[in-house]
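Trainee: Please take me closely through one part of this structure, and explain each term as we meet it.

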Amino acid sequence: RELLADGARGLVTAPTLDALAHALATLAREPETRRALAQAGLAHARTQSWRAVFDALFADYRAVLASAR
């Protein structure tokens, strides 16, 4: 599961300096994109509880453990 939905609640980049720089430059020059991502991220965060977050995390751990057997 992803906390960030690329382009919807955040920007996901490759793990390189160039990719991060490109994403930051995009946010710097596009205030509407910045605002939209911030609003969507906050809206999503408001739907989450610690119980829901940990339930999802433990479900993911169980799935990984089951696939390793």
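Mentor: Happily! A word on exposure first: a residue is buried under 20% relative accessible area, exposed over 50% and partly exposed in between, using a 1.4 Å probe and protein chains only. By that scale, Glu32 is exposed, at 55% relative accessibility. Arg35, its partner in what follows, is partly exposed, with a relative accessible area of 42%.

Before we go on, know that this is a predicted model: local features need pLDDT of at least 70, side-chain atom pairs count only at pLDDT 80 or more, and totals for chains, interfaces and linings use all residues. Residues are numbered from 1 along each chain as its sequence is written, and side-chain values use heavy atoms, leaving out hydrogens and water.

Let's place our part within the chain. There are 3 helices and 0 strands (DSSP runs numbered from the N terminus: helices are H or I with at least four residues, strands are E with at least two). Along the sequence the pattern reads α-α-α, and buried residues account for 7% of the 69 residues. Our close look is at helix α2, residues 31-46.

Back to our pair. The side chains of Glu32 and Arg35 form a salt bridge, with N to O at 2.8 Å; the term asks for a side-chain nitrogen of Lys or Arg within 4 Å of a carboxyl oxygen of Asp or Glu. Side chains of opposite charge can pair when their charged atoms come close. Here, the two residues are separated by about one helical turn because they sit 3 residues apart in α2. Searching the whole structure turns up 1 salt bridge.

Now see how α2 meets its neighbour. Its axis and that of helix α1 (residues 17-29) come within 5 Å and cross at roughly 105°. Axes are lines fitted to C-alpha atoms, for helices over the stretch in contact, with angles from 0 to 180 degrees between N-to-C directions. The two helices are therefore roughly perpendicular; that label covers 65 to 115 degrees, while under 35 is roughly parallel, over 145 roughly antiparallel and the rest oblique. Leu27, Ala28 and Arg29 of α1 touch Pro31, Thr33, Arg34 and Leu37 of α2, where contact means heavy atoms within 4.5 Å.

Finally, find His44, also in helix α2. His44 is partly exposed, at 24% relative accessible area. Between His44 and Arg9 there are 8.0 Å in space, C-alpha to C-alpha, although they are 35 residues apart in sequence. Across the chain, 43% of contacts between residues at least 6 apart in sequence join residues at least 24 apart.
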